[in-house]
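The following exercises concern the reading of a protein model. Each task is followed by a solution that proceeds step by step.

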Amino acid sequence: MTSILSLSQVTKRIEDKFTLGPLDLEIEPGVIVALVGPNGSGKTTLFRMLMNMVQSDSGELKLFHKQYPADEVSIKQKVGYVSETSVIHEMFKTVSDALKFAAYWYPTWDVTYSELLLEKFEITRTDKLNGLSKGTRRKLDLILALAHHPDLLLLDEPSSGLDPFAWRLMMEEMAHYMEAGHRTVFMATHIMDEVRRLADYVVFLYHGKLLGFYEKDALLDGWKTIWVDRLPAASANIKGIVAVEQDSSIKLISDSAQETLHSLKANDINVIKTQSVDLDEIFMHLLHKNNLGSKREGKSG
Ligand SMILES: Nc1ncnc2c1ncn2[C@@H]1O[C@H](COP(=O)(O)OP(=O)(O)OP(=O)(O)O)[C@@H](O)[C@H]1O
């Protein structure tokens with residue numbers, strides 16, 4: 001087993017209102033995995049468990065084949081964590097104080113790289129953390145997570161509050177981080193563009209349950225909207241159709257496009273055009289496929 005992050009039947013109940021899990025998840029080195037889910041689905045709770053800030057009620061959680069609390073220090077020295085909301089201004093007075101703490105705590109802290117990142121993100125050592133904007137604090141969070149060259153980055157909505165310029169820098173640094181080949185990123189995000197550009201795998205979380213672990217390219221290649229010239233008869237048994245939408249045109253949503261196209265051809269149904277399905281739309285269809293759609297509507301209504 002080569003997984004560097006492994007969850008087996010992990011559960012966490014929060015008061016009477018929310019249960020995360022049971023979760024089973026294996027992440028191998030060298031990949032970026034995006035965790036996607038609506039507000040309140042449990043993403044932050046999961047990250048806090050991975051950082052031992054929240055303890056699971058049951059199941060087994062391992063990072064680098066090690067477990068909390070026995071291996072807390074050796075695990076955390078190999079992890080870079082960006083929490084959902086920046087708290088550094090509550091912990092330190094100046095940028096310099098935060099950097100000194102990080103340099104003391106992480107044996108692998110790279111002063112040269114930290115200076116380079118400060119320059120890139122236009123942060124000055126003497127800046128007072130209380131006076132920094134939310135976005136700038138976020139940038140500092142990223143620097144603190146990156147500059148000790150961790151083997152695993154746990155990022156909880158890392159781009160929240162970043163302007164487009166800083167966002168681009170973050171994307172560049174993530175690409176740079178992954179160049180080493182063996183490093184891993186597990187990131188929660190609501191930004192589908194981030195998933196599309198960065199992720200190798202996508203994990204969907206809904207009401208505390210994982211809906212699946214997908215290879216992103218295979219997911220995007222498999223799911224297609226297909227416009228056809230006539231509605232297939234029910235008896236045609238077209239494969240892969242997850243939804244049919246009919247207004248001025250007829251659209252079929254397929255989760256296995258090649259099979260659907262093949263079945264359409266066999267039934268003499270002409271394809272007018274095909275188009276990729278956006279990840280957020282795939283997520284909505286997966287909810288319905290798992291009979292969870294009405295639960296979601298209930299929540300948002
Ligand atoms: N300390 C807490 N006390 C009470 N409820 C909590 C606490 N932490 C989390 N919860 C509840 O657990 C559920 C999951 O919350 P969590 O923050 O993990 O979701 P999330 O997916 O990160 O949401 P978002 O996308 O809004 O950040 C929510 O119903 C939340 O209200």
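**Exercise 1. Describe the overall make-up and extent of the protein.**

Solution. The secondary structure amounts to twelve helices and 13 strands. This is a predicted model, and the C-alpha trace spans about 70 × 40 × 40 Å along its principal axes. Of the 301 residues, 35% are buried. To be counted as buried, a residue must have 20 or more other C-beta atoms within 10 Å of its own. Finally, consider the contacts between residues at least 6 apart in sequence: 71% of these join residues at least 24 apart.

**Exercise 2. Determine the strand order of the sheet that contains strand 1, and identify its edges.**

Solution. Begin with the order: three strands form an open sheet, arranged 2-1-4, with antiparallel pairing. The edges are strand 2 (18-27) and strand 4 (58-63), each of which pairs on one side only. From one strand to the next, the twist averages 25 degrees.

Next, examine one pairing within this sheet. Strand 1, residues 5-14, is joined to strand 2 by seven bridges, and the two run antiparallel. In this pairing, leucine 5 stands opposite isoleucine 27 of strand 2. In general, strands of a sheet pair through backbone hydrogen bonds, either parallel or antiparallel.

**Exercise 3. Which strands does helix 1 lie across, and at what angle does it run to strand 1?**

Solution. Locate helix 1 at residues 43-50. The helix lies across strand 1, strand 2 and strand 4. Its direction makes an angle of about 120 degrees with strand 1.

**Exercise 4. Characterise the hairpin formed by strand 8 and strand 9.**

Solution. First, place the strands: strand 8 covers residues 201-206 and strand 9 covers residues 209-215. Second, establish the pairing, which is antiparallel and extends over six bridges. Valine 202 provides one point of register, standing opposite tyrosine 214 in strand 9. Third, inspect the turn: two residues separate the strands, and histidine 207 in this turn has a positive phi of about 50 degrees.

**Exercise 5. Assess the confidence of the model, globally and by segment.**

Solution. Start with the global scores: the ipTM is 0.97 and the pTM is 0.92. The mean pLDDT of the protein is 92, with 97% of its residues reaching 70 or more. Then turn to the segment 294-301, over which pLDDT stays under 50. For these residues the model has two contacts beyond four places in sequence.

Note on methods. Residues numbered from 1 in each chain as written. Predicted model: local features only at pLDDT ≥ 70, side-chain atom pairs only at ≥ 80, totals over all residues. Pairing = 2+ DSSP bridges. Helix = DSSP H or I, 4+ residues; strand = E, 2+ residues; numbered from the N terminus. Axes fitted to C-alpha atoms, helices over the stretch in contact; angles between N-to-C directions. Contact = placed C-beta atoms within 7 Å. Buried ≥ 20, exposed ≤ 12 C-beta atoms within 10 Å, placed from the backbone. pLDDT = per-residue confidence, 0-100.
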